Amino acid sequence: MLLRSASPWKRPLSRRRLLSGGAQAVGYLALARALSGCGSSSDGGGSGGAGRLGNIGPLGEPLDIGIRIPEGFTARVIAQANRLVPNTNLLWHTDPDGAATYATDDGGWIYVSNREFLPGGANALRFDASGEVVDGYNVLSGLVSRINCGGGITPWRTWLSGEEYELGLIWECDPWGRELARPLRALGTFAHEAAAVDPRTNIVYETEDESDGRFYRFVPDAPNIGGRADLSSGRLQVMRVLATQDEVDAPGTFGPLPVEWLDVPDPNPVLGGVLTGTPTRLQVPESTAFRGGEGIWYHDGIVYFGTKGDRRIWAHDPLAQTVECIYDDAMFAEPILDSVDNIVITPGGDIIVVEDKSDPSQQAVAITRDGRIVPLIELVGQDGSEVTGPAFSPDGRHFYFSSQRGPGANGTTGTAGITYCVSGPWFEP
């Protein structure tokens, strides 16, 4: 994502146009089958407070703030790079990326947002129960972190911020700003994208944004199930799909396929800030490569994650020890969703995916439980940007997201970025 004007992994459009209507129907059936088992969940972290997405109408005409939204909804800018956030002393960061929300005891919530640049870090905005910003502050200093891309929530309500470069770590941050952020070296040194925690085991699942990246899990020595896990020690493991790499890479949805987890011998092959050993992803040659790991989310017993190189969404069942591909844009002649980046899942099981592509019509799109693919918002006139940081307020009324480089930046990093809030009847009663 950082400093990329166009992904080198984009596949030619002609490949999709060769597909038959029958293959497209199979794609919808795979989605519906995979999502139909999703029930309510207490995921939190910005997944919305009320069940399934409602009957969202078509997007309206472009607004003067550079976006399109569904008819009957309202939108506003809540923060803009290099400007003080209203009602706070916080200067909002450029290049906003991964984000999440956290409910507060007074009926409000906190929105945490990463900065994918040098310096990096993460900031937080606090909202009251009416949705107005009442405070803003830093939760991870850019003096100690860099290129903070995606992240993830924990059951004990902290924010995991991933550094997306070869020597990157995950940092655990306090959304309330009361505790200093700390690096979690035991979770491995690599180009971290995002993370998700299975609350049944407190195992942390991690994606890696490399064209030959791996899918990892961290098994803590002291999981403290039901409480706060100790993430300072444990085993870093990498997934091996019990199929050939060619079978995994072949176009189309498939699965579930059995998997196994293999220990990574040296999770931190670094000395003095220099890579001194074999990169983490290459230490277990028999492990399975995934083409550019992106967003990840735990929901109702399943860990979902995306890969941007082949524009797919995967579902890992930790109990059954299987993985399946539930969405591949190769299954659709003219896909509405043709890019995969950050994801979030609603309590009702709808998958929200935001796009990062060279096309200026970047969107946030919902994949519903019945297999529909519905645009939620779209950037307008913001060439070279991407949609980042999707999160719903805990009550489900507000949808937050950012245009990472904003209007007029033309893909230039480190100078701009704008964060929006779109409000309305997102969820069914």
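Which side chains meet in a salt bridge with an N to O distance of 3.4 Å? In this predicted model, the two partners are Glu-378 and Arg-68. Glu-378 belongs to strand β25 (residues 373-379) and Arg-68 to strand β1 (residues 67-68), so the contact ties together parts that are 310 residues apart in sequence. The acidic partner, Glu-378, is buried, with a relative accessible area of 11%. Arg-68, in contrast, is partly exposed, at a relative accessible area of 22%. The buried class ends at 20% relative accessible area, so the value of 11% places Glu-378 within that class, whereas the 22% of Arg-68 places this residue in the partly exposed one.

The structure holds 20 salt bridges. Another of these is formed by Glu-132 and Arg-76, whose closest N and O atoms are 3.9 Å apart. This pair also links distant parts of the chain: Glu-132 is found in the loop between β5 (122-127) and β6 (133-140), and Arg-76 in strand β2, 56 residues apart. Glu-132 counts as partly exposed, at 38% relative accessibility, and Arg-76 is likewise partly exposed, with a relative accessible area of 28%. Beyond such pairs, salt bridges link Glu-172, Glu-179, Arg-182 and Arg-228 in a network.

A further salt bridge accompanies the pairing of two strands. Strand β14 (residues 230-241) and strand β15 (residues 254-263) run antiparallel and are joined by five bridges. Within this pairing, Met-239 has Trp-261 in β15 as its bridge partner. The side chains of Arg-240 and Glu-260 meet in a salt bridge with an N to O distance of 2.9 Å. Arg-240 lies in β14 and Glu-260 in β15, so the ionic contact connects parts that are 20 residues apart in sequence. Both residues are partly exposed: Arg-240 has a relative accessibility of 31%, and Glu-260 one of 28%. Strand β15 also pairs with strand β21 (residues 322-328), in the antiparallel sense and over three bridges. In that pairing, Pro-258 stands opposite Thr-322 of β21.

Two open sheets of the model were examined for strand order and twist. In one, four strands follow the order β2-β28-β27-β26 with antiparallel pairing. The edges are occupied by β2 (74-80) and β26, each with a single partner strand, so one side of each is left without a neighbour in the sheet. The twist averages 20° from one strand to the next. Strand β27 (residues 398-403) pairs with β28 in the antiparallel sense over six bridges, and Phe-399 stands opposite Val-422 in β28. Strand β2 of this sheet contributes Arg-76 to the salt bridge with Glu-132 described above.

The other open sheet has four strands in the order β7-β8-β9-β10, again with antiparallel pairing. Here β7 (148-153) and β10 (182-184) stand at the edges; each has a single partner strand, so one side of each lacks a neighbour in the sheet. Neighbouring strands are turned by 30° against each other on average, direction ignored. Four bridges connect β7 with strand β8 (residues 159-163) in the antiparallel sense, and Ile-153 has Trp-159 in β8 as its bridge partner.

Aromatic contacts were considered next. A search of the whole structure finds 22 aromatic pairs. Phe-215 and Phe-305 form a stacked pair, with 4.1 Å from centre to centre and 10° between the planes. Phe-215 lies in strand β13 (residues 215-222) and Phe-305 in strand β19 (residues 302-307), so the pair ties together parts that are 90 residues apart in sequence. Phe-215 and Phe-305 are both buried. The rings of Phe-392 and Trp-426 have centres 5.8 Å apart and planes at 75°, so this pair is edge-to-face. Phe-392 lies in strand β26 (residues 387-392), while Trp-426 is in the segment after β28 (418-423), so the contact ties together parts that are 34 residues apart in sequence. Phe-392 and Trp-426 are also buried.

The edge-to-face pair belongs to a cluster in which ring pairs link Phe-73, Phe-392, Phe-399, Phe-401, Tyr-420, Trp-426 and Phe-427. Among its members, Phe-399 is the residue that stands opposite Val-422 in the pairing of β27 with β28. A contact between a charge and a ring is also present: Arg-146 lies over the face of Tyr-165, at 4.5 Å from the ring centre.

Terms used: Residues are numbered from 1 along each chain as its sequence is written. This is a predicted model: local features need pLDDT of at least 70, side-chain atom pairs count only at pLDDT 80 or more; totals for chains, interfaces and linings use all residues. Side-chain values use heavy atoms; hydrogens and water are left out. Rings of Phe, Tyr and Trp (its six-membered ring) pair if their centres lie within 6.5 Å; planes under 30 degrees apart count as stacked, over 60 as edge-to-face and the rest as tilted. Buried means under 20% relative accessible area, exposed over 50%, partly exposed in between (1.4 Å probe, protein chains only). A charge sits over a ring if NZ of Lys or CZ of Arg is within 6 Å of the ring centre and within 35 degrees of the ring normal. Two strands pair if DSSP finds at least two bridges between them. Axes are lines fitted to C-alpha atoms, for helices over the stretch in contact, and angles run from 0 to 180 degrees between N-to-C directions. A salt bridge is a side-chain nitrogen of Lys or Arg within 4 Å of a carboxyl oxygen of Asp or Glu.
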